[in-house]
Each structure stands twice: as structure tokens, then as C-alpha cells.
Amino acid sequence: IKSMIRFFMFISIICIGLLPAINFYGYINKYDFKGYSNSKFYKHIGKFDSEKLFNTDKVERYLNYGFYVFFDRSLVENKVVIGKDNFLFLGSKHSNVIDKIKDHKKDIDKWTNKLKNVQDWYLDRGIKFVVVVAPDKRSIYGNKLPDWINLNKATITDDILDYSISKNINILDLRGVLKKQMTPQLYFSTDTHWNNKGAAIGYEETISYINKTYGIDYETVAYNFSEPRNRGGGDLARSLKISPILPTDIDVDYSYVFDHESNICRGWINKDREVEGACSSKLKRVKGAKNKGQYSVNTSSINNDNLLYLHDSFAGANRKLYDKTFKTVWMVHYGALWGPTLSKFIAKNKPDIVIYQVVERNLYRSGIVNKIPELSGQL
């Protein structure tokens, strides 16, 4: 192993020395200069940014790829950890932020008190409320982590759930149900997110939990899955800069195939959290950006209630299911709709139900429990 490491270090040093030539050649190779006059050619070449001569992306890409393939190790383990069977996981830079809290049980007690106040604020207005915890990949596929990572201990998520349940907060932990249905694979190997099959389980469990909690009977939309389709490297592979050289079938996903078509139009929610423009059947659902959201109106929905779906990037995979389920769905990042703006949005649009779907590692954040003006006495 030592000899192989020395070999890769030797190759890296050579590549660094060749960087200017490699980067300049890559720039030229992107363009077709046939038919260019000499003056036009040199003018175009003159636009090349000399600071890019020593750009190390290509060297890092192949160096990271070499350690990934031959040693199952990452050179940036604070960002990405390489596990078993080509699984990649977030490093401690992203996943262990909460561990820095000194007296976290005391802080969690205060945080869950705030969450209970927020829930009561919604319930006082006749709005159903639920927090859905979308698990981190390591919580479901801990068996794919490298042997040097030990997860056999209680986590801060467990403490948050214990405190929340003791205070009758409507919080749904999806870890258990996803662990029971790990096959076929529910998360991407090279990405932090669940695939459509994992997201669909989250959707089904959420609707079931709401029905049980509030004694109602929301229907779930009928669907099947397409045959698996190839999907290249995901966000973790991009963090390692190896996505362009991974096999195109490194991951797979499945599309939803619905039994019935729906009459859905969509529109934008602007940065001021106002519904913007007309609802159009031509606008496709896109992943909600933090500074902009979308809404949908479904005149053929299976339920007549309206949903405010406060979310993060894990909502990208189940947004179509909620579109088909509720009459109106407002999708906004929870970090972009809170406090006075949230209060005004609720008063104006009057949703019947609010779902906060939050990935596990971001659950313990102030954005979810930020003060609402009417809660002046909140801790």
C-alpha cells in the first residue's frame, strides 16, 4: 500500500508541473477553431484567464478517484467519507455540527419548547401541523459505512425525538420504516439524497401519520414505478470532483408512473413570499430554491385540502406525489419562510395543513422554530 501511495504522490507532482499545459489544452479543445483567421484565433485565445493555468480540479479529480477506487479512502474526509460497495457519505464538516453543543440536553429542552409553541400556534388557527424527519443516509445504510466509524450509540436525533414525543409534538421519524425496506436501494450511492422509491415511502408514511394523528382519511395517489434508469454521480461525487469520470450507471432511479392524469397548473412564489404571476399548465415542477418557491393548483386532486410544504432538498423527490394529493400546494424552503413573513403568508393563504420536512442533520436549527410575532412570549 505504501508503494502505491508513493506512486500516486509521484504522479500528482508530475501532473502539477504539467498543469499549465493541461489546462490550456483543455480550454482550446472546448472550441472548434476551424475557419478562424489567425487574428481571430489569437484574439479568442487571449481571453483565456491566466489564473486558470494552475487550476487543480483535474489533478484532484484523478487523485481522488485513485484513492476512491484503490484504497476506499477519501483525501477530504471532512467533506466526503468513502464507505463500502461504492457508497459515499457526508463527512463531519456537514454531519456533526450539533456535536459542538456543550449542554445539548438543556438546549434541546428549550428548542422543543419553542417547537411546541409553533405547533400550538398552527393548531389554534385550525391548521394541522407535522414535522417529518428525512433520515441521513448513514442512519439507514450504516452497514455501508467504513469500519472505523461507530454508530452504535444514541444520537442527538434520538434525544430530540424523545423530548418532542414527551411534549406531544407531532413529529414523524422515518428511520425505522426505511430501515425495514432497505432493498431495493432507497438512497443513491454517490449522493446524500433518497431516490424516488425512498421518497415515496416517506410520502406514504407521512399521509398515514397525519391520518392517524388527526383522525382524518386523506387518500394517497395511486402510482407505480418505471424500470430503473441510469443516473450518474451525485452531489457527493461532485464534492470529490470525480463525477465526470464515474460510470454513467453508478446510480439508478425510478420515475413515478401515475394511474390517472391530473389537471395541474403551477406558478412561482417570489422572494417576498407572494404568489407571482398566473398559474400555468406549461410550467413544470422544479426543485425549490431557497430564495424562490413554487405553488401548484390541482383541480382533479384526490383531496380538497391545501398544503403548505416547508422543505429542504429532500422534497425534490416526492413533490409530484404531493401535487397529485392536495388541491393547492405551496412549496417553500423552511429557511425562507419564517417569522413575520410566515405569519402573513398563513393569514393570506390559509392552508389546511403544514408539513415541515427536514433532513435529519438539519433538524436542530433555529429556522424551524424562529419566532412568530404572535408568539411574543416564546422562549
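This section describes the fold, the central sheet and the nonpolar cores of a predicted model.

The protein chain contains twelve helices and 14 strands. Of its 379 residues, 47% are buried. Contacts reach far along the sequence: among those between residues at least 6 apart, 70% join residues at least 24 apart. The exposed area of the chain is about 19700 Å², and carbon and sulfur atoms supply 51% of it.

Eight strands form an open sheet with mixed pairing, in the order 4-3-14-12-13-11-9-10. Strand 4 (171-173) and strand 10 (275-280) are the edges, each pairing on one side only. On average, neighbouring strands of the sheet are turned by 20° against each other, direction ignored. Helix 5 (residues 104-124) lies across strand 3, strand 12 and strand 14. The helix runs at about 140° to strand 3.

Strand 13 has a partner on either side in the strand order. With strand 12 it runs parallel, joined by six bridges. Here Tyr309 has Met331 of strand 13 as its bridge partner. The connection between these two strands passes through helix 11, and this β-α-β crossover is right-handed. With strand 11 (residues 293-298), strand 13 pairs in the antiparallel sense over four bridges. Val297 is bridged to Thr328 of strand 13. Strand 12 also pairs with strand 14, in the parallel sense and over four bridges. Leu307 stands opposite Ile353 of strand 14.

Six of the six residues of strand 13 are buried, so the strand is largely enclosed by the rest of the structure. In a regular strand, side chains alternate between the two faces of the sheet. In strand 13, Thr328, Trp330 and Val332 point one way. Val329, Met331 and His333 point the other way.

The largest nonpolar core holds 42 residues. Leu178, Trp194 and Ile355 touch the most other members. Several elements supply at least two residues each, including strand 3 (128-134), helix 8 (175-180), strand 12 (306-311), helix 11 (319-325) and strand 14 (353-359). Helix 9 gives the most, with seven residues. Ile355 shows how the chain is brought together by its contacts. Leaving aside residues up to four places away in sequence, Ile355 touches Val130, Val132, Thr206, Ile210, Leu307, Leu308, Tyr309, Leu310 and Tyr322. Another core, of 35 residues, lies apart from the largest one. Its members include Phe129, Val332, Ile346 and Ile368.

Terms used
Residues numbered from 1 in each chain as written. Predicted model: local features only at pLDDT ≥ 70, side-chain atom pairs only at ≥ 80, totals over all residues. Heavy atoms only, no water. Core = buried A, V, L, I, M, F, W, Y, C linked by side-chain atoms within 4.5 Å. Buried < 20%, exposed > 50% of the residue type's maximum accessible area, 1.4 Å probe, protein only. Contact = heavy atoms within 4.5 Å. Areas by Shrake-Rupley, 256 points an atom, 1.4 Å probe, with all protein chains shown as cover. Pairing = 2+ DSSP bridges. Axes fitted to C-alpha atoms, helices over the stretch in contact; angles between N-to-C directions. Right-handed = clockwise from strand over helix to strand, strands pointing away.
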